[in-house]
Amino acid sequence: MNINSFAKKAAIVALLAGAALSGHATNTNLGVVAVGVPASFGGFAPLGDFTDNFLFSLPVNSGSGYSVANFAPVGLGGIFNTKFAKLVLFSNPDGVLFTNDETFLSESVGASSSNLTLSFAGTPAGNYYLKVIGEANGTFGGLYTGAISVSAIPEPASYAMLLAGMGVMGAIAIRRNNRKKD
């Protein structure tokens with residue numbers, strides 16, 4: 001057996017072992033997502049349809065973005081493949097799933113898409129969850145990766161600087177216009 005063949009087989013066994021451990025957990029708590037520091041997550045789905053929930057908390061923000069993408073390791077052919085149907089964002093005030101206090105906020109729908117993205121305007125601080133719905137159709141199921149990013153709310157000083165800059169630009173434009181008239 002050559003070393004490349006052995007390395008590929010060892011990688012497959014390691015991936016499957018890791019995936020088997022995480023494959024049973026469909027609800028994952030990501031903790032607090034910080035402003036400006038994307039939180040990454042991932043999942044393994046056995047062959048067939050799947051629904052995974054990722055719980056997290058957000059600080060007050062000016063917007064948040066969410067994405068998931070198929071993860072197909074190079075050199076492993078069609079062994080792992082994931083197609084997404086929906087990416088759905090919910091508020092979850094008590095931080096516990098399925099207690100009838102969840103509120104639908106937004107969704108991204110794909111027709112067997114290999115990736116989905118979702119953006120949402122500013123949200124208050126609190127608990128939320130992201131539902132990833134799809135189908136694992138690779139030989140051994142599917143792997144995927146995702147990220148949550150949160151934008152900061154601009155400081156009042158930022159708005160003041162913006163207005164001051166616009167005022168200066170306006171003054172320059174008026175001055176140039178007056179010079180052309182003379």
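**Strands, ring pairs and a polar contact**

From the N terminus on, the elements of the protein chain follow the order α-β-β-β-β-β-β-β-β-β-α. The model is predicted. Its protein chain has two helices and nine strands. Of the 182 residues in the protein chain, 32% are buried. The exposed surface of the protein chain comes to about 10,500 Å², and carbon and sulfur atoms supply 62% of that area. Taking contacts between residues at least 6 apart in sequence, 81% join residues at least 24 apart.

The strands come next. Strands of a sheet pair through backbone hydrogen bonds, in either a parallel or an antiparallel sense. One open sheet here has five strands in the order β1-β3-β8-β5-β6, and its pairing is mixed. Strands β1 (27-32) and β6 (103-113) stand at the edges with a single partner strand each, so one side of each is left without a neighbour in the sheet. On average, and with direction ignored, neighbouring strands of this sheet are turned by 15° against each other. The partner of β6 in that order is β5. Strand β5, residues 82-91, pairs with β6 in the antiparallel sense over seven bridges. Within β6, S106 is the residue that stands opposite L89.

Strand β9 takes part in further pairings. Strand β2 (residues 39-45) and β9 run antiparallel and are joined by seven bridges; F41 stands opposite G146 in β9. Strand β4 (residues 63-70) also pairs with β9 in the antiparallel sense, over eight bridges. For A69, the bridge partner in β9 is T145.

Aromatic side chains add another set of links. The count of aromatic pairs, with ring centres within 6.5 Å as the criterion, comes to nine. One of them joins F84 and Y144, whose ring centres are 5.7 Å apart with 90° between the planes, an edge-to-face arrangement. This pair links distant parts of the chain, with F84 in strand β5 and Y144 in strand β9 (residues 142-151), 60 residues apart. Both F84 and Y144 are buried. A second pair consists of F90 and Y129: their ring centres are 4.8 Å apart and their planes lie at 15°, so the pair is stacked. It too links distant parts of the chain, since F90 belongs to strand β5 and Y129 to strand β8 (residues 126-136), 39 residues apart. F90 counts as buried because its relative accessibility is 15%, under the 20% cut-off. Y129 is buried as well, with a relative accessible area of 3%.

The pair of F84 and Y144 also belongs to a wider group. Ring pairs link F41, F50, F54, F84 and Y144 into a cluster. F41, a member of this cluster, is the residue already met opposite G146 in β9.

A polar residue in the five-stranded sheet completes the tour. S57 lies in strand β3, which spans residues 48-58. The side chain of S57 makes a polar contact with the side chain of N127, at 2.6 Å. Apart from its neighbours within four places in sequence, S57 is in contact with G31, V32, V33, G126 and N127. In the sheet order, β3 stands between β1 and β8. Among the contacts of S57, G31 and V32 fall within β1 (27-32), while G126 and N127 fall within β8 (residues 126-136).

Methods: Residues are numbered from 1 along each chain as its sequence is written. This is a predicted model: local features need pLDDT of at least 70, side-chain atom pairs count only at pLDDT 80 or more; totals for chains, interfaces and linings use all residues. Side-chain values use heavy atoms; hydrogens and water are left out. Two strands pair if DSSP finds at least two bridges between them. Helices (H or I, at least four residues) and strands (E, at least two) are DSSP runs, numbered from the N terminus. Axes are lines fitted to C-alpha atoms, for helices over the stretch in contact, and angles run from 0 to 180 degrees between N-to-C directions. Rings of Phe, Tyr and Trp (its six-membered ring) pair if their centres lie within 6.5 Å; planes under 30 degrees apart count as stacked, over 60 as edge-to-face and the rest as tilted. Buried means under 20% relative accessible area, exposed over 50%, partly exposed in between (1.4 Å probe, protein chains only). Contact means heavy atoms within 4.5 Å. Accessible areas come from the Shrake-Rupley method with a 1.4 Å probe; for residues, only the protein chains shown count as cover. A polar contact is a pair of N or O atoms within 3.5 Å; within protein, one must be able to donate a hydrogen and the other to accept it, and residues adjacent in sequence count only if both atoms are side-chain atoms.
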